[in-house]
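Trainee: I have just opened this one and don't know my way around yet, so could you walk me through it?
Mentor: Gladly; let us bring it up and go through it piece by piece.

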Amino acid sequence: MDWFYSFPNMNDDTLRNLKKTMDEGFKAFTRQYGDIIESFFQPLQYFLIQAERFMTTTPWPVMIVLIGGIAWIASRNWKIVGGTILTLLLIGYFDMWSDAMKTIAMIFVGTVVSIVVGIPIGIVMARSDGFQRMVNPILDVMQTMPSFVYLIPVVMLLGIGKVPGLIAVVIYAIPPMIRLTNLGIRLVDKDVLEAADAFGSSSWQRLRNVQIPLALPTIMAGINQTIMMALAMVVIASMIGVQGLGQPVLRSVNGQFFSLGLFNGLAIVGIAIIFDRVSQAYGKRLQKHQEVVHG
Amino acid sequence: MADRSVQGAGIKIKNLYKIFGQRPQAYVEAVKKGMSKTELNEDHGHVLGLRDINIDMPAGCIQVVMGLSGSGKSTLIRHINRLIDPTAGEVIIDGADVCKMNQNDLRQFRRHKTAMVFQKFALLPHRTVLDNTVYGLEIQGLSREKQEEQARRWIGRVGLKGFEDHYPNQLSGGMQQRVGLARALTNDAPILLMDEAFSALDPLIRMDMQSVLLDLQKEIKKTVVFITHDLDEALRLGDRIAILRDGEVVQQGTGQDIVLKPADEYISSFVKEVNRGRVIMVDTIATQSGAPSATGGVTVKTGTILEEAAKTMTDANQQYATVIDDNGKPTGVISMNNLIQAMVTPISHLTSKAAAE
């Protein structure tokens with residue numbers, strides 16, 4: 001009755017060998033293809049470095065005017081612009097300016113990559129049920145797998161640095177982009193689609209004139225979620241060498257520096273709120289036509 | 001072309017069948033041999049949409065297809081521009097069978113030959129009235145100036161001048177459907193498909209839109225296919241009417257034919273509610289004999305409806321009137337007695353109604 005109380009697990013030796021084979025296999029793969037994969041991500045690294053250099057070398061008053069200007073163009077709301085500028089001033093005053101800029105650069109690049117990769121995948125998913133069935137479980141894994149687990153192979157392949165950090169951020173942040181693009185397009189009013197067909201739209205015209213514009217509120221919600229999740233990933237990404245606000249947080253965890261952790265944590269929250277409010281206000285402004293209702 | 005003013009193209013629907021389900025082709029033969037709708041549904045899990053539809057729609061006329069919900073009328077109109085693929089049969093327009101076109105030809109056909117107006121308007125909510133109206137031309141790839149020129153003209157014609165920059169949400173239902181109509185007309189296609197276009201509007205607005213359509217039709221002379229569940233609307237608009245029930249045509253003809261000679265109980269149950277005085281024309285009750293000497297000079301033209309004839313006669317305080325044709329030649333005589341008899345609902349209809357209650 002021994003098997004009843006203790007699970008009849010795999011033989012210890014077999015299990016050890018299995019793990020060893022897998023590890024060695026992956027190591028061999030890394031040695032073989034590591035360089036190729038690294039060169040594949042070269043443009044991404046270039047983009048990231050340029051963004052970071054721009055954010056950190058531009059004088060701070062110019063940066064504040066620039067970010068305030070973007071907030072105004074997107075939201076047309078003085079309250080949001082005021083809040084944005086105040087938050088940035090506080091971050092600077094507490095000596096977190098350069099870390100904050102590095103983090104914003106990372107989030108910016110991560111979000112752009114997520115949008116560029118995520119929207120087309122979402123569109124294909126909306127058009128093909130088969131593709132949806134295939135992608136959905138992958139997205140589930142990406143969202144539930146602890147991020148440390150996929151950090152291991154990424155670091156083995158690409159070493160420690162910005163690009164592996166960016167990949168970790170994108171893996172974590174892209175699922176809502178894909179899911180909400182798919183959902184938004186699937187929810188487009190069938191009657192309007194039928195009208196587009198009846199007038200002889202090609203499938204590209206249908207996508208561009210009807211599906212994307214009508215799915216835009218949902219897609220905007222996806223972008224908003226992606227930004228928030230990318231920010232949440234900042235601290236974890238700092239473990240593999242991503243610079244920014246995550247580094248001091250990590251240091252304060254190791255050294256039990258309460259105030260250092262708190263300040264940097266609040267700076268992340270502040271940036272998150274700026275991104276959230278501005279992107280939401282922009283999304284709402286795109287939907288102006290839905291607010292004015294015939295009464 | 002004998003009549004240059006007719007822009008429309010005739011539509012011939014031949015032996016059209018539609019079966020909904022997983023394997024429609026497998027049951028077409030059985031349905032052709034007479035399998036009933038119930039049998040097909042209960043024993044084989046397929047739904048019979050249309051059975052052996054044959055309608056010949058002449059160019060430049062308004063063809064109404066009438067039926068209650070579930071009769072297959074919306075399915076039928078979607079076969080004309082093949083938004084729904086038929087299971088068997090042909091839809092011939094300009095000598096080409098729509099059902100056999102490839103994707104590319106079909107797209108060209110939809111762009112240039114047909115335009116459609118929808119029950120729920122189906123406007124693009126993120127576009128202004130003007131941008132909605134140009135949609136068909138935009139798809140065709142015309143220059144923006146040409147698009148706007150056409151669109152503005154039709155927006156004006158449907159009475160929406162000044163609303164070009166409004167969004168659909170800012171407009172009432174009636175105005176939204178005017179946009180739908182303008183969008184379809186701007187396409188300048190010979191065939192106009194209207195799927196319960198006015199059913200979602202309240203009665204007064206609906207009458208209004210019917211008048212707009214009839215006025216426009218005098219000028220554009222397109223082949224209009226109009227779907228409705230409302231017999232009054234069918235009689236007001238239709239040059240020809242086809243009545244659908246359970247996916248089959250039960251009667252087709254002019255409004256006169258249908259009101260005066262309903263093919264079966266089903267149709268007479270509709271017809272009995274109709275205001276006959278506004279449908280029946282004097283021609284149908286005029287007699288050659290009678291008392292021409294007593295008409296007192298009152299004349300009514302052929303094609304006048306009974307109600308108008310009655311008004312003319314009472315205004316002149318006469319019991320008889322002479323019916324004359326377009327050249328002023330007398331063709332018959334009507335009496336007030338006949339007139340009233342024709343206007344009141346026949347006994348057979350009343351009794352069938354009483355029996356039903």
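**A walk through two chains**

Mentor: A place to begin is chain B, where strand β3 (residues 62-66) runs in the parallel sense beside β8(B), the two being paired over 5 bridges. Please keep in mind throughout that this is a predicted model.

Trainee: Which residue in β8(B) is the bridge partner of B:Met66?
Mentor: The partner of B:Met66 is B:Thr228.

Trainee: And what about strand β7 of chain B, how many bridges does that one make with β8(B)?
Mentor: Strand β7, which covers residues 191-195 of chain B, pairs with β8(B) over 5 bridges, again in the parallel sense. Within that pairing, B:Leu192 has B:Val224 of β8(B) as its bridge partner.

Trainee: How many residues of β8 are buried?
Mentor: Strand β8 of chain B takes in residues 223-228, and 6 of its 6 residues are buried, so the strand is described as mostly covered. B:Thr223, B:Val225 and B:Ile227 point one way from β8(B), while B:Val224, B:Phe226 and B:Thr228 point the other way, and all of them are buried.

Trainee: What does β7(B) pair with besides that, say β6(B)?
Mentor: β6(B) and β7(B) pair in the parallel sense over 4 bridges, and B:Met116 is found opposite B:Leu193 of β7(B). Strand β6 of chain B spans residues 114-117, with B:Thr114 and B:Met116 pointing one way, B:Ala115 and B:Val117 pointing the other way, and all of these buried.

Trainee: Switching to a loop, where is B:Ile84?
Mentor: B:Ile84 is in the loop of chain B between α3 (73-80) and β4 (88-93).

Trainee: Why does B:Ile84 count as partly exposed?
Mentor: B:Ile84 has 17 C-beta neighbours inside 10 Å, and it counts as partly exposed because that number falls between the cut-offs, 20 or more being needed for buried and 12 or fewer for exposed. Leaving out residues up to four places away in sequence, B:Ile84 touches B:Lys18, B:Thr75, B:Arg78 and B:His79. As for B:Cys99, 15 residues apart from B:Ile84 along the chain, the two C-alpha atoms are separated by 9.6 Å.

Trainee: Okay, over to chain A, how many helices and strands are there?
Mentor: Chain A has 15 helices and 0 strands, and its C-alpha trace spans about 75 × 55 × 45 Å along the principal axes. Of the 295 residues in chain A, 34% are buried.

Trainee: How do α9(A) and α11(A) cross?
Mentor: Helix α9 (residues 162-186) and helix α11 (residues 203-232) of chain A have axes that come within 8 Å and cross at roughly 160°. That angle is why α9(A) is called roughly antiparallel to α11(A), and the crossing is right-handed. By class, their contact has 15 nonpolar and 7 polar residues, with no charged residues.

Trainee: Who meets whom there?
Mentor: Including A:Val169, A:Tyr172 and A:Leu180, a set of residues in α9(A) meets a set in α11(A) that includes A:Gln211, A:Ile219 and A:Met229.

Trainee: Last one, how many residues of chain A are in contact with chain B?
Mentor: There are 19 residues of chain A in contact with 22 residues of chain B. On the chain A side, α10 (190-198), α11 and α15 (288-291) each supply at least two residues, and α10(A) gives the most, with 6 residues. By class, that side of chain A has 9 nonpolar, 7 polar and 3 charged residues.

Conventions
Residues are numbered from 1 along each chain as its sequence is written. Chains are lettered from A and ligands numbered from 1 in the order in which they are written. This is a predicted model: local features need pLDDT of at least 70, side-chain atom pairs count only at pLDDT 80 or more; totals for chains, interfaces and linings use all residues. Axes are lines fitted to C-alpha atoms, for helices over the stretch in contact, and angles run from 0 to 180 degrees between N-to-C directions. Angles under 35 degrees count as roughly parallel, over 145 as roughly antiparallel, 65 to 115 as roughly perpendicular and the rest as oblique. A crossing is left-handed if the near helix is turned anticlockwise from the far one by less than a right angle, and right-handed if clockwise. Two residues are in contact if their C-beta atoms, placed from the backbone, lie within 7 Å. Ala, Val, Leu, Ile, Met, Phe, Trp, Tyr, Cys and Pro count as nonpolar, Asp, Glu, Lys and Arg as charged, and the others, Gly among them, as polar. Two strands pair if DSSP finds at least two bridges between them.
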